[in-house]
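Dear colleague,

I am passing on to you the structure that I have been looking through, with the sequence alongside it. My notes on what I found follow directly below, and I hope they help you find your way around.

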Amino acid sequence: MKHPSTQEFFAYWDEKRGDARAPDRSAIEPDAVRELLGDIFVLACDEADRFPFRVAGTRLTALLGRDLKGQSFPQLFEAEGRRNIEDIITAVTEDLLAVVAGITATSAEGLAHLELLLLPFNHRAHVPLSLTGLLAPFESGHSALRDFKLTSWRYLGHRPPERLVPRALRKLKLARGLMVYEGLR
């Protein structure tokens, strides 16, 4: 991680998770990361709706030049890179992996370099899946960013998957958290 905001948010998330693979969503207190809130966002892990923003910070909204609530996160990326970011989001959610990524984007002022941090929340029965993240630009003066391109990424803290393959979120429609054991009669 190169950006100070990314380092600070990851350290806070890491402290909140303790020995668990990820903290509960309720453990993250906005007041504790007040200076970072403008760059923080929360995504709903709804593959059918293309991972929409549930919440987006004010700096992030200004950087992209529009309100992001309900907008698809992968739609920010160029068409050929969308499948990769969707697979990364799914790995973060399913495997409870933290990811840091380098991103470039274009604007009227030229090429912008950003750092993306994606952090999972712990799964709980009957609670919609979501994840949090932070998107921080390395240089200022850019507005209305578009055509995001994933330039690099790495998994933090745990062993990464062998390869990035298309995945689907495994959600039970009726009763999340139900465990079925086969065998004994």
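Of the 185 residues in the protein chain, 45% are buried, and please keep in mind while reading that this is a predicted model. The accessible surface of the chain comes to about 10300 Å², with 51% of it belonging to carbon and sulfur atoms. Among the contacts with a separation of 6 or more, 64% are between residues that lie 24 or more positions apart.

The secondary structure consists of three helices and six strands, which follow one another from the N terminus as α-β-β-α-α-β-β-β-β. The six strands form an open sheet with antiparallel pairing, in the order β2-β1-β5-β4-β3-β6. Its edge strands are β2 and β6, each of which pairs on one side only, and neighbouring strands are turned by 25° against each other on average, if direction is ignored. Within the sheet, β3 (residues 98-107) and β4 (residues 110-120) are joined by nine bridges in the antiparallel sense, with Ser107 standing opposite Gly110 in β4.

Helix α1 (residues 4-17) packs on this sheet, where it touches β1, β3, β4, β5 and β6, and its direction makes about 5° with that of β4. Helix α3 (residues 82-95) lies across β1, β3, β4, β5 and β6 and runs at about 35° to β6.

Strand β1 (residues 40-44) deserves a closer look, since five of its five residues are buried. In a regular strand the side chains alternate between the two faces of the sheet. In β1, Ile40, Val42 and Ala44 point one way while Phe41 and Leu43 point the other way, and all are buried. This strand pairs with β5 (residues 130-137) over five antiparallel bridges and with β2 (residues 53-56) over three, again in the antiparallel sense; Phe41 stands opposite Ala56 in β2, whereas the bridge partner of Val42 in β5 is Thr132.

That leads to Thr132 itself, and to the question of whether this residue is buried or exposed. Thr132 has a relative accessibility of 3%, and because buried means under 20%, Thr132 counts as buried. A polar atom of its side chain lies 3.0 Å from the backbone oxygen of Phe41. Leaving aside residues up to four places away in sequence, Thr132 touches Phe9, Ile40, Phe41, Val42, Leu117, Leu118, Leu119 and Phe121.

With best wishes

Definitions and conventions. Residues numbered from 1 in each chain as written. Predicted model: local features only at pLDDT ≥ 70, side-chain atom pairs only at ≥ 80, totals over all residues. Heavy atoms only, no water. Buried < 20%, exposed > 50% of the residue type's maximum accessible area, 1.4 Å probe, protein only. Helix = DSSP H or I, 4+ residues; strand = E, 2+ residues; numbered from the N terminus. Pairing = 2+ DSSP bridges. Contact = heavy atoms within 4.5 Å. Areas by Shrake-Rupley, 256 points an atom, 1.4 Å probe, with all protein chains shown as cover. Polar contact = N/O pair within 3.5 Å; in protein donor to acceptor, adjacent residues only side chain to side chain. Axes fitted to C-alpha atoms, helices over the stretch in contact; angles between N-to-C directions.
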